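Have the model open in a viewer with both chains loaded and selection by residue number ready. The stops below can be taken in order.

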There are 2 protein chains.
Amino acid sequence: MDKKKNASRTRLAIMESAGKIFAEEGFSKATVRDICREAGANIAAVNYHFGDKKGLYLSVLKHYQEMVFQTYPPDFGITAAQKPEEKLRAYIRSFLTRMMDDVHPPWFARLLAREFTEPTWAFDILVEGSIRPSFQLLADIVAAILGKKPDDRRVRLCSMSIVGQCLYFRHSNPVIIRLFPREFSDAGQIEELTEHITFFSLNGMAKAKTKNKRR
Amino acid sequence: MDKKKNASRTRLAIMESAGKIFAEEGFSKATVRDICREAGANIAAVNYHFGDKKGLYLSVLKHYQEMVFQTYPPDFGITAAQKPEEKLRAYIRSFLTRMMDDVHPPWFARLLAREFTEPTWAFDILVEGSIRPSFQLLADIVAAILGKKPDDRRVRLCSMSIVGQCLYFRHSNPVIIRLFPREFSDAGQIEELTEHITFFSLNGMAKAKTKNKRR
DNA sequence: AAATATTTCAAACAACTGTTTGAAACACTT
DNA sequence: AAGTGTTTCAAACAGTTGTTTGAAATATTT
């Protein structure tokens, strides 16, 4: 019944092409015919190996999420010996790298971004498997910087501000390349972005330890 | 030939339901049958009044963009007499309001968010009509705060950091409600978000006037 | 009121979708 | 080599999609 352990050649080929096409087109626009053609497999192969289209999507999601999680764990490049400020810089660099660089597989970040704004029924898997652990780690770092607990509201707001900055360059890429056709085209500027976001955010949190009373 | 000026009853009804359904489902998943049913019109009405599905989408986009632009211009709530810091606060509040509150039409922000991450062929219209003017205004405010020119690279980076924070709460709403089921559910906290992002960003730019030399 | 133009409608069309089918090809064990 | 289970394949199926059609209904002009 359960074919999870079966790793036939066509099964793997389908998962590869499926991941790529799902990321490019989205779940509904991607067709099993395109996927099978690119995999060099018959049209019926998807239903035979994965039950149906949803089963294929789910298998792809779980498999490559695990793969990415192993090669790029949330605490990638972060050591216990670092000061919180350095941890934050490492976190941001890792975050940006995972999103924009040629991480394996190169299309996983795009598929994740797609689920971010337009979640399918499989979104919870990504939240629990990838997003929550990553966000939790950031919350811990921010909490250490602010001298508060990880579940403090201000910690969460600041964490969101940091994540929001990082995501902007991936999610809003279509906007950026139109607003500034040349300036932010290449992805080879992760270091500059890392420095900017780290600097911006550390300053942003600097005086936030005290209550923000205004008016 | 050109039916732009024709404002028959069914034509308007179709544009209304189309905008709503396009925003909910996206261009490709939205069906003309659903649109026409909700508009109380025949299936052939779309092709008769707008040529084809693309023509309908284009008409909806242009029409409601103009409407939103008139009721909520980019400089909404901003006066020349304000200090740059107050302008930034007004800009952020206006931005958040436009995205999360019940602006008319209430689905326009969602349609815009959809084009943001998954642009269709009509995206350039939104960039030039809505996004670029809005971003330009922000760049002017940030430039005034930093004491640089609007096309300075740091000004652009900081502007992106600000926009990124604002967009996070709209684009990543599916994530937020899963990570913190109760805490950030309601949209009735625009004031708190405005204060947080303004405070965070003003601090983030505070010392950025001087060159960011590190290491 | 007649004539003309515009709009609506039910029905059908052609293309595409995910899925199923049953036989053929293959792999492996006995 | 025969037998068994697994995998591939071309073909077809049932459903949905955007679009077209030609006649009927309505509105406008003469």
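Begin by selecting, in chain A, helix 1 (9-25), helix 6 (108-117), helix 8 (153-171) and helix 9 (173-179), then add helix 1 (9-25), helix 6, helix 8 and helix 9 of chain B. Each of these helices supplies at least two residues to the lining of the largest pocket. Keep in mind throughout that this is a predicted model.

Now look into the space between the selected elements. The largest pocket holds about 1100 Å³ of space. Its lining has 43 residues, and the closest to the pocket centre are A:Arg114, A:Thr117, A:Glu118, B:Arg114 and B:Glu118. Show these five as sticks. Colour the lining by residue class next: 16 of its residues are charged, 15 are nonpolar and 12 are polar.

Stay with two of those central residues, A:Arg114 and B:Glu118. They form a salt bridge, with 2.6 Å between the closest N and O atoms. Across the interface of chain B and chain A, 10 salt bridges are found by the rule. The count of residue pairs in polar contact between the two chains is 20, with both residues at pLDDT 80 or more.

Which elements of chain B give two or more residues to the side that touches chain A? Select helix 5 (84-100), helix 6 (108-117), helix 7 (123-146), helix 8 (153-171), helix 9 (173-179) and helix 10 (190-206) of chain B to see them. Helix 8 of chain B gives the largest share of that side, 14 residues. By class, the side of chain B that touches chain A has 25 nonpolar, 13 polar and 16 charged residues.

Widen the selection to the whole interface. Here 54 residues of chain B are in contact with 53 residues of chain A. The area buried between the chains is about 5400 Å², and carbon and sulfur atoms give 61% of that area. To find where chain B loses the most area to chain A, pick B:Arg153, B:Met160 and B:Phe200; together they account for 13% of what that side buries.

Finish by hiding chain B and viewing chain A alone. What is the secondary structure of chain A? Chain A has 10 helices and 0 strands, and along the sequence the pattern reads α-α-α-α-α-α-α-α-α-α. Taken along the principal axes, the C-alpha atoms of chain A fill a box of roughly 65 × 40 × 35 Å.

Terms used. Residues are numbered from 1 along each chain as its sequence is written. Chains are lettered from A and ligands numbered from 1 in the order in which they are written. This is a predicted model: local features need pLDDT of at least 70, side-chain atom pairs count only at pLDDT 80 or more; totals for chains, interfaces and linings use all residues. Side-chain values use heavy atoms; hydrogens and water are left out. Contact means heavy atoms within 4.5 Å. Buried area is the accessible area (1.4 Å probe) that two parts lose on being put together, summed over both. A salt bridge is a side-chain nitrogen of Lys or Arg within 4 Å of a carboxyl oxygen of Asp or Glu. A polar contact is a pair of N or O atoms within 3.5 Å; within protein, one must be able to donate a hydrogen and the other to accept it, and residues adjacent in sequence count only if both atoms are side-chain atoms. Helices (H or I, at least four residues) and strands (E, at least two) are DSSP runs, numbered from the N terminus. Ala, Val, Leu, Ile, Met, Phe, Trp, Tyr, Cys and Pro count as nonpolar, Asp, Glu, Lys and Arg as charged, and the others, Gly among them, as polar. On a 1 Å grid over the protein atoms alone, a cavity is a set of points where a 1.4 Å probe fits but cannot get out, and a pocket is an open set with protein on both sides within 12 Å along at least five of seven lines; lining residues have an atom within 4 Å of a point. Grid points are joined across faces, edges and corners, and a volume is the space filled by probe spheres set on the points.
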